[in-house]
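Visitor: Hi! Got a minute to go through this one with me?

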Amino acid sequence: MRLGLGVPDGSRDLIPEKSIPLENRMDALNAISWDKGCYMGQELTARTKYRALIKKKLFPVTFLGPAPDAGTPVTVEGKEAGEIRSGRDGAALALLRLEDFQRAMENKLTLLAGPVAVAPRAPDWDPTTSG
């Protein structure tokens, strides 16, 4: 259910000391307070949001066949577009470049995780559903 909804799960989907809360939609999950102030990482998180520096986000993806392993690169036209995080039973979460997500949604390209075609979609619960 979590994978279908596009909700990340701690260490399965968030890489310690590398993952950015906004890339993983923590703002849309109400895990970030924009008015509390004074918490670890607040300055960097706020600066990232207000300067619109997010280039990737976590998206639910579906595919036919066995789930690609976590860490499998997602490619488009031979170039890296992101990576698979966690998955099973035809569903996974993938951190994808927003530009490639948009083009895939417009059916202008196919995303691959190894030999497996993956179909991304925006989570219904995210108000920034366009990416």
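**Strands, helix and rings**

Guide: Sure, let's start with E2 and E5, which pair in the antiparallel sense over 2 bridges. Two strands pair here if DSSP finds at least two bridges between them. Strands (E, at least two residues) and helices (H or I, at least four) are DSSP runs, numbered from the N terminus.

Visitor: What should I know about the model itself?

Guide: This is a predicted model, with pLDDT of at least 70 needed for local features and 80 or more for side-chain atom pairs, while totals for chains, interfaces and linings use all residues. Residues are numbered from 1 along each chain as its sequence is written, and side-chain values use heavy atoms, leaving out hydrogens and water.

Visitor: Back to E2. Which residue stands opposite Thr75 in E5?

Guide: Leu112 does. On its other pairing, E2 is joined to E3 by 4 bridges, and those two strands run antiparallel. There, Val74 has Gly82 in E3 as its bridge partner.

Visitor: How many residues lie between E2 and E3 in the hairpin?

Guide: There are 2, and Glu77 in that turn has a positive phi of about 50 degrees.

Visitor: And which residues of E2 are on the covered face, and which on the uncovered one?

Guide: Val74 and Val76 make up the covered face, while Pro73 and Thr75 make up the uncovered one.

Visitor: OK, zooming out. In what order do the strands close into a barrel?

Guide: The order is E1-E4-E3-E2-E5-E6, with 6 strands and antiparallel pairing. From one strand to the next, the twist averages 40 degrees. Angles are taken between N-to-C directions, from 0 to 180 degrees, with axes fitted to C-alpha atoms, for helices over the stretch in contact.

Visitor: Which strands does helix H4 touch?

Guide: H4 (residues 98-105) packs on the sheet and touches E1 (56-63), E2 (73-76), E3 (79-88), E4 (91-97), E5 and E6. The direction of H4 makes about 120 degrees with that of E4. Contact means heavy atoms within 4.5 Å.

Visitor: What about E5 and E6, how many bridges join them?

Guide: That's 3, between E5 (residues 111-113) and E6 (residues 116-120), running antiparallel. Leu111 stands opposite Val118 in E6.

Visitor: Where does Leu111 sit relative to Lys79?

Guide: Their C-alpha atoms are 9.9 Å apart, with their positions 32 residues apart in sequence. Lys79 is found in strand E3 and is exposed, at 61% relative accessible area. Exposed is over 50%, buried is under 20% and partly exposed is in between (1.4 Å probe, protein chains only).

Visitor: New topic: how many aromatic pairs are there?

Guide: The count is 1. Phe59 and Phe101 have ring centres 3.8 Å apart and planes at 10 degrees, so they are stacked. The rule takes rings of Phe, Tyr and Trp (its six-membered ring) with centres within 6.5 Å: planes under 30 degrees apart are stacked, over 60 edge-to-face and the rest tilted.

Visitor: Why does that pair tie together distant parts of the sequence?

Guide: Because Phe59 lies in strand E1 and Phe101 in helix H4, 42 residues apart in sequence.

Visitor: Are those two buried or exposed?

Guide: Both Phe59 and Phe101 are buried. Phe59 also has the charged end of Arg25 over its ring, 4.5 Å from the centre. That label needs NZ of Lys or CZ of Arg within 6 Å of the ring centre and within 35 degrees of the ring normal.

Visitor: Last one: what share of the whole protein is buried?

Guide: Buried residues make up 40% of its 131 residues.
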